[in-house]
Amino acid sequence: MKRACTVVLAAGALILSACSSDLPADTGAAPSQAPGESTGQSEFFDQAEYERQLALRDATPEGPADRPWEQALEPEMVDTAQYRKDGPYEICFSNASVDNPWRQVGYKTMQAEADLHDEIAQFRVLDAEAKDDKQISDIASLTSQDCDALIVSPNTTATLTPAVESACDSGIPVIVFDRGVNTDCPVTFIHPIGGYAFGATAAEFLSEQVGEGGKVLGLRVLPGVDVLEHRWAAAEREFADSGVQVVGAEFTENDSATAKSIVSDYLQREGQIDGIWMDDGTAAVAVLEAFEDAGMEPPAISGEDQQQFLQKWKDEGLTALAPTYPTYQWRTPVIAALKILRGEQVPSEWILPQPVIDDSNLDRYLTAGMPPLHYGLCGCQEMPGFPQRWQ
């Protein structure tokens, strides 16, 4: 049967909307903080999960070596026989947003994965435009339609939990990925190792580079999203343990101009910043430009697998590290949905590998001819339509 693809996208996809009842009224810049001082987000911190994620960094994944989006770390399998049904299938997806390059690359990769499977008759997508209220409505709408499986990437954690629980109660299999919710009712929750591992890996690198007493500025995207809160919580602890001076932790709202302005202000105030820690690498090049404009050498910096950052790293020999949150994870929910509808077992928590880019493997993830905001860990290089579909 020929596939039809129904998609509702947000206009102005590059504009970040922080409209959520999970978020505090003031989502502007956070005040500077002393080393080890809490940011007041302790409700997101879980010591046992923190320790688990740090240990998982050394775990050996199970699954095909050449397909990390199908691998799993320490999986505990769940039976899905109750959901088995004959195809073709209508798979539905409630997406938090496509409001930043990471999500755009991921969404293109998810669409390409859906195109690989003839048994998917329709892939229906609703975009919540980064608004909790809209996503709650979207999930209710999709649940009332003829969806055989529902994939959800939540906009925020606590506010979307009741909507996901309602979807589970409808009887269709629910797959959550990327960001979590406070319920275990989905058949599977798909994600890389997590924010604690990401944040700690970057902070360990920077602590080693700047040394005790070195000055580090933390740049954050926005509050209220579990994976982002976990990144900073882990970094805070590492910096405190290493005696690194955190001169500030500021919210950029994922805007490169804002990030560059914040760094320029701190350079004028502090005179010197030895390291930049980022919970999202989108603005990494803009941040480095702030140092260039001030006539200063680039600091040690953590970024992500964006091509423009990787290229600058290679061209200028930066002192850099890129912990990643791979966009190849957008392939896994489609694969999981089909497994569930065939009655095959899947991990109840599907933890994907979370590679780290350093000087030794930089060339592997730097892909010639790709747009500046493309992410190297898309897992899309062998998919039909590459590279044009991602350009």
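## Cores, pockets and salt bridges in a predicted model

Colleague: In this predicted model, which residues have the most contacts inside the largest nonpolar core?

Modeller: The largest nonpolar core is made up of 76 residues. Helix α10, which covers residues 332-341, gives this core its largest share, 7 residues. Inside the core, the residues with the most contacts are Ile276 and Phe309.

Colleague: Which residues is Ile276 in contact with, once its neighbours within four places in sequence are left aside?

Modeller: Ile276 is one of the two residues named for having the most contacts inside the largest core. With its neighbours within four places in sequence left aside, its contacts are Leu206, Leu217, Leu219, Val263, Val287, Phe291, Pro299, Ala300, Ile301 and Ser302.

Colleague: How many residues does the second, separate core have?

Modeller: Leu160, Ala163, Val164 and Ile172 are among the members of this second core, which is separate from the one around Ile276 and Phe309. Its number of residues is 16.

Colleague: Turning to open space, which element supplies the largest share of the lining of the largest pocket?

Modeller: The largest pocket holds about 750 Å³ of space, and of its 37 lining residues the closest to the centre are Gly180, Val181, Phe189, Asp226 and His230. Elements that each supply at least two lining residues are α1, β7 (188-192) and α6 (226-242). The largest share, 4 residues, comes from β7.

Colleague: How many residues in the lining of the largest pocket are charged?

Modeller: The lining of this pocket can be divided by residue type, with 14 residues that are nonpolar and 13 that are polar. The charged residues of the lining number 10.

Colleague: What is the volume of the second largest pocket?

Modeller: This pocket is lined by 16 residues, and those nearest its centre are Pro68, Trp69, Arg364, Tyr365 and Gln381. Its lining divides into 9 nonpolar, 4 polar and 3 charged residues. The volume of the second largest pocket is about 350 Å³.

Colleague: Which residue forms a salt bridge with Glu349?

Modeller: Side chains of opposite charge can pair when their charged atoms come close. The structure holds 23 salt bridges, and in the one formed by Glu349 the closest N and O atoms are 2.8 Å apart. This pair links distant parts of the chain, 297 residues apart, with Glu349 in strand β14 (residues 349-352) and its partner in helix α1 (residues 47-56). That partner is Arg52.

Colleague: Why does Glu349 count as partly exposed?

Modeller: A residue is buried under 20% relative accessible area and exposed over 50%, with partly exposed in between. Glu349 falls in that middle range because its relative accessibility is 24%.

Colleague: How many residues apart are Arg389 and Asp115, which also form a salt bridge?

Modeller: In this salt bridge the closest N and O atoms of Arg389 and Asp115 are 2.8 Å apart. Arg389 lies in the segment after α11 (362-365), whereas Asp115 belongs to helix α2 (residues 101-115), and the separation along the chain is 274 residues.

Colleague: What is the N to O distance in the salt bridge of Glu344 and Lys339?

Modeller: Glu344 is partly exposed at 31% relative accessibility, and Lys339 is partly exposed at 25%. Their side chains meet in a salt bridge, with an N to O distance of 3.4 Å.

Terms used: Residues are numbered from 1 along each chain as its sequence is written. This is a predicted model: local features need pLDDT of at least 70, side-chain atom pairs count only at pLDDT 80 or more; totals for chains, interfaces and linings use all residues. Side-chain values use heavy atoms; hydrogens and water are left out. A salt bridge is a side-chain nitrogen of Lys or Arg within 4 Å of a carboxyl oxygen of Asp or Glu. Buried means under 20% relative accessible area, exposed over 50%, partly exposed in between (1.4 Å probe, protein chains only). On a 1 Å grid over the protein atoms alone, a cavity is a set of points where a 1.4 Å probe fits but cannot get out, and a pocket is an open set with protein on both sides within 12 Å along at least five of seven lines; lining residues have an atom within 4 Å of a point. Grid points are joined across faces, edges and corners, and a volume is the space filled by probe spheres set on the points. Ala, Val, Leu, Ile, Met, Phe, Trp, Tyr, Cys and Pro count as nonpolar, Asp, Glu, Lys and Arg as charged, and the others, Gly among them, as polar. A nonpolar core is a set of buried Ala, Val, Leu, Ile, Met, Phe, Trp, Tyr and Cys residues joined through side-chain atoms within 4.5 Å. Contact means heavy atoms within 4.5 Å.
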